[in-house]
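User: Could you walk me through how to read the features of this structure, one at a time?

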Amino acid sequence: MNTIVELCDTHVTHKARTGGLLTRDRVHALTGVDLRVAPGETVGVVGESGCGKSTLAKVLVGVERPASGTVLFRGRDLWSMTPGERRTTVGRSTGMIFQDPSTALNRRLSVRRVLRDPLDVHEHGTAREREDRVRELMGLVGLPPALADALPGQLSGGQRQRVAIARALALEPALVVADEPTSALDVSVRAQILNLLLDLKERLGLALVFVSHDIQTVRRMSDRVITMYLGRIVEETPADRVTDRSCHPYTRALFSAAPGLSRTVEPIPLVGPVPSATRPPSGCPFRTRCWKATELCARQVPELADASTPGHRYRCHHPVDEDRSTPDLAQSAREPS
Ligand SMILES: Nc1ncnc2c1ncn2[C@@H]1O[C@H](COP(=O)(O)OP(=O)(O)OP(=O)(O)O)[C@@H](O)[C@H]1O
């Protein structure tokens with residue numbers, strides 16, 4: 001398979017803090033993550049807060065170095081490159097869009113300067129060509145030329161996110177990673193920004209990694225959806241299968257909680273809090289909240305298994321039957337140890 005970026009068994013840990021002070025514990029932000037992103041595809045990443053979505057996004061664009069595992073960029077090991085080579089490789093082939101454009105953009109730089117910056121850093125064409133590119137980028141994201149000298153503070157939230165998108169596209173990347181790109185925006189402009197991303201992806205043939213805690217939005221934006229739980233990928237599903245036909249109990253629960261589905265899908269309650277990422281449960285990370293968990297789940301991390309549809313894989317000892325729209329909640333768990 002033609003691949004832009006590939007993660008092989010990547011692990012990321014952070015030093016844990018208690019009350020602001022560093023402790024000896026480690027937070028397991030990513031555990032054994034394998035992922036490939038091919039040209040032109042959109043991979044959605046979904047999961048509750050703290051499951052490792054942003055960490056995964058940062059690993060994909062070379063901002064975060066995994067403690068172990070490999071990040072291959074077009075087949076080359078990113079972290080074996082010299083720092084300069086890595087910066088050039090990642091800088092020219094990827095763009096990142098963050099959640100909050102108010103903090104992602106330097107408030108002292110005009111729109112023109114924000115968009116010129118990556119072109120200058122990577123010595124993209126002549127000075128004249130860079131100016132032309134700035135105009136072209138503003139047009140691509142629907143910003144009127146009159147805003148070129150505006151500062152971020154003079155723009156609306158939606159306009160600021162358009163600038164951030166244009167900046168991510170400046171060097172014609174093959175891959176754009178968008179980390180919750182609409183969650184800081186007013187509801188009224190969210191749809192416009194999502195439509196813009198879909199349109200740009202089509203027109204420019206981009207690969208997009210789209211991160212969100214909102215499973216409905218992820219499903220709409222993506223070809224393939226990755227469900228994460230406590231730093232692990234627990235299911236990988238073609239987007240049109242992320243419904244009440246997912247195999248992993250966690251994906252089912254997320255989907256059942258999505259707004260607007262209450263009439264068609266039986267709600268599946270997620271009991272209790274997400275366990276600490278400092279001391280994740282043994283075996284399956286989801287077992288402490290899973291209605292199907294057994295003693296096996298406490299003992300063994302589930303292997304990745306294939307569902308009946310190509311490209312649909314899950315990690316679960318007791319998957320929900322793909323053909324049942326309503327999981328058997330009565331088949332309640334014996335409390336795992
Ligand atoms: N720099 C850091 N130092 C310590 N712990 C961190 C650091 N960055 C992330 N973490 C922890 O790593 C885990 C994964 O965090 P991450 O931000 O990737 O999750 P997330 O799914 O993106 O969450 P959210 O949706 O809230 O942004 C969390 O437990 C988080 O507290």
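**Domains and their contact**

Analyst: Happily! Taken over C-alpha atoms, the centres of domain 1 and domain 2 are 26 Å apart. This is a predicted model, in which local features need pLDDT of at least 70 and side-chain atom pairs count only at pLDDT 80 or more, while totals for chains, interfaces and linings use all residues. Residues are numbered from 1 along each chain as its sequence is written.

User: Where do the domains of the protein chain begin and end?

Analyst: The bounds come from an automatic or database domain assignment. Domain 1 covers 5-222 and domain 2 covers 225-314.

User: How many residues of each domain are in contact?

Analyst: Two residues are in contact if their C-beta atoms, placed from the backbone, lie within 7 Å. Here 26 residues of domain 1 are in contact with 18 residues of domain 2. On the domain 1 side, β2, β3 (42-46) and α8 (215-221) each give two or more residues, and β2 gives the most, with 10 residues. Those element names follow DSSP runs, numbered from the N terminus: helices are H or I with at least four residues, strands are E with at least two.

User: Which classes of residue make up that side of domain 1?

Analyst: Ala, Val, Leu, Ile, Met, Phe, Trp, Tyr, Cys and Pro count as nonpolar, Asp, Glu, Lys and Arg as charged, and the others, Gly among them, as polar. By that scheme, the side of domain 1 that touches domain 2 has 12 nonpolar, nine polar and five charged residues.

User: Which residues come nearest to the ligand?

Analyst: A residue is near a molecule or strand if its C-beta atom, placed from the backbone, lies within 6 Å of it. There are 13 residues around the ligand, and His14, Ala29, Ser49, Ser54 and Thr55 come nearest. Both β2 (21-37) and α1 (53-60) supply at least two residues of this shell, with α1 giving the most, three residues. The shell has four nonpolar, eight polar and one charged residues.

User: In what order do the strands of the open sheet lie?

Analyst: Strands of a sheet pair through backbone hydrogen bonds, either parallel or antiparallel. Two strands count as paired if DSSP finds at least two bridges between them. In this model four strands form an open sheet in the order β2-β1-β4-β5, with antiparallel pairing. The edge strands, β2 and β5 (76-77), each pair on one side only. Between β1 (residues 5-18) and β2 there are 10 bridges, and Val12 has Leu30 in β2 as its bridge partner.

User: How many residues of α6 are buried?

Analyst: A residue is buried if 20 or more other C-beta atoms lie within 10 Å of its own, exposed if 12 or fewer, and partly exposed in between, with C-beta atoms placed from the backbone. In α6, 11 of 13 residues are buried, among them Arg160, Val163 and Leu169. The elements covering them include α4 (111-121), α5 (127-140) and α7 (187-204).

User: What is phi near in Asp9 and Arg74?

Analyst: Most residues other than glycine have a negative phi. Phi of Asp9 is near 45°, a positive value, and phi of Arg74 is also near 45°. Asp9 lies in strand β1, whereas Arg74 lies in the loop between β4 (68-73) and β5.

User: Why does Asp9 count as exposed?

Analyst: Asp9 counts as exposed because it has 12 C-beta neighbours inside 10 Å. Arg74 counts as partly exposed because it has 14 C-beta neighbours inside 10 Å.
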